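User: I should like a close look at one part of this protein, with enough of its surroundings to place it properly. Please define the terms as they arise.

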Amino acid sequence: MKNNRNKGFTILEVIVALSVMSVLLVVTVPQLTQYIGSSEKSVCEANRLEFIRSYNIYLSSGGEKTLAQALNGEVSDMLGTLHDLKCPSGGTFSVSNGSIVCSVHGPIGSTGSGGTGSNPGGESGTGSNPGGESGTGSNPGGGTGSSLVGTTIFSDIVVGDWTALCNQIIKDKLDSGIDGRVLTGGKVYAYGNSLYVIGNNPYLKAADAAGDINAAGDINKVGYINNPDAFATNNKMLKIDITTTISSSSYVWDQWHSGRYWSPALKHGVVFSEGGSSYVFLGSDNTVNESLPPNGNWIKLISGT
Ligand SMILES: [Zn+2]
């Protein structure tokens with residue numbers, strides 16, 4: 001008997017061992033696949049961001065092909081980066097809203113909505129923007145996206161995505177040859193951490209837009225935002241600060257002038273908001289004898305969408 005026991009396992013021992021192993025598999029395999037799924041997504045996103053970064057460098061050095069064309073191998077300088085652009089889960093890439101979308105992992109920054117592999121639906125609802133349209137505006141063009149895009153200011157004005165608009169203008173030029181378009185005065189856009197309003201219908205060309213996207217945080221090429229005097233005669237795009245909003249309580253009767261005047265004096269870019277309507281002042285700093293909106297040198301703010 002003793003020899004028999006040493007030569008092998010009893011049925012009971014085999015059953016116990018198999019049971020333990022099956023329990024271990026049940027517990028660890030889903031965790032393992034989930035872990036693999038999320039790390040594959042991270043690698044996929046990192047690869048896409050690297051490609052977009054490379055594309056922005058290409059644009060800033062005068063390149064004119066679209067992101068889609070770069071993705072299609074039409075930019076020789078980017079073929080090396082394109083070779084590295086792979087999805088570990090076998091997803092395929094397409095361009096949407098100026099960014100690269102993976103068929104498995106969705107847009108960059110999405111929270112699991114594209115999860116169709118080993119972790120379907122996983123991670124949804126976690127993260128800073130659960131269920132939001134993350135990816136469509138948060139990182140278009142790579143690195144210059146703004147968290148202000150899609151937010152609502154002054155109760156009904158939705159902030160548009162300046163970078164996406166510029167990308168679209170570049171794309172339109174390459175697709176159909178139409179170079180630029182008239183921007184609508186009063187539309188509010190976000191660029192980086194700042195808000196801007198379109199002035200008096202400037203004409204934005206693809207070359208301006210391309211330079212603008214790569215201008216490392218400023219949009220002087222389109223705007224003159226740091227030069228109010230130039231802006232006053234060539235209203236294009238103005239940076240606005242919604243934290244210094246004024247109302248008609250600043251439009252006071254002035255006995256000395258025997259009329260109504262602004263006190264304190266108006267500043268270029270100040271926002272007047274009252275009764276559901278908001279306006280930005282396009283005149284010079286220290287103006288006191290300006291009409292009450294909508295008359296005078298004001299432009300009404302509207303959604304940049
Ligand atoms: Zn992917």
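Is Asn-286 buried or exposed, and how many other C-beta atoms lie within 10 Å?

Analyst: Asn-286 is exposed, because 11 other C-beta atoms lie within 10 Å. The scale behind this word is as follows: a residue is buried if 20 or more other C-beta atoms lie within 10 Å of its own, exposed if 12 or fewer, and partly exposed in between, with C-beta atoms placed from the backbone.

The model is predicted; local features need pLDDT of at least 70, side-chain atom pairs count only at pLDDT 80 or more, and totals for chains, interfaces and linings use all residues. Residues are numbered from 1 along each chain as its sequence is written.

Asn-286 sits in the loop that runs between β14 and β15. Here strands (E, at least two residues) and helices (H or I, at least four residues) are DSSP runs, numbered from the N terminus. The backbone of Asn-286 is notable as well, since a positive phi of about 65° is found there although the residue is not a glycine. As background, most residues other than glycine have a negative phi, and most peptide bonds are trans. The loop also holds Pro-294, and the peptide bond between Pro-293 and Pro-294 is cis, with omega at about 10°.

The strands on either side of this loop belong to an open sheet of 3 strands, in the order β13-β14-β15 and with antiparallel pairing. Because β13 and β15 stand at the edges, each with a single partner strand, one side of each has no neighbour in the sheet. Neighbouring strands are turned against each other by 25° on average, direction ignored; the axes used are lines fitted to C-alpha atoms, for helices over the stretch in contact, and angles run from 0 to 180 degrees between N-to-C directions. Two strands count as paired if DSSP finds at least two bridges between them. For β13 and β14 there are 4 bridges, in the antiparallel sense, and Phe-272 stands opposite Tyr-279 in β14. Leading into β13 is the loop from β12 (259–262), where Pro-264 has its place. Pro-264 is joined to Ser-263 by a cis peptide bond, with omega of about 0°.

The sheet also leads to the interior. A nonpolar core is a set of buried Ala, Val, Leu, Ile, Met, Phe, Trp, Tyr and Cys residues joined through C-beta atoms within 7 Å. In the largest one, of 36 residues, the members that touch the most others are Val-159, Val-188, Tyr-189, Ala-190, Tyr-196, Val-197 and Val-280. At least two residues of this core come from each of α5 (162–176), β7 (187–191), β8 (194–198), β10 (237–240), β13 (271–274), β14 (277–281) and β15 (298–300). The most come from α5, which gives 5 residues. Another core, of 14 residues, lies apart from the largest one and includes Cys-44, Tyr-55, Leu-67 and Phe-93.

Among the contributors to the largest core, β7 is mostly covered, with 5 of its 5 residues buried. Lys-187, Tyr-189 and Tyr-191 on one side of β7, and Val-188 and Ala-190 on the other, are all buried. β7 pairs with β5 (residues 160–161) in the parallel sense over 2 bridges, and Gly-160 stands opposite Tyr-189. β16 (residues 302–303) also runs parallel to β7 and is joined to β7 by 2 bridges, with Val-188 opposite Ser-303. The pairing of β7 with β8 is antiparallel, over 4 bridges, and Tyr-196 in β8 is the bridge partner of Tyr-189. The hairpin of β7 and β8 has 2 residues between the strands, and Gly-192 takes a positive phi near 60° there.

Two further residues may be set beside Asn-286. Phe-154 has a positive phi of about 50° although it is not a glycine, and is found in the loop between β3 (152–153) and β4 (157–158). Phe-154 counts as partly exposed because 15 C-beta neighbours lie inside 10 Å. Ser-39, in helix α2 (residues 11–60), is exposed because 11 other C-beta atoms lie within 10 Å.

For the protein overall, there are 7 helices and 16 strands, and 36% of the 305 residues count as buried.
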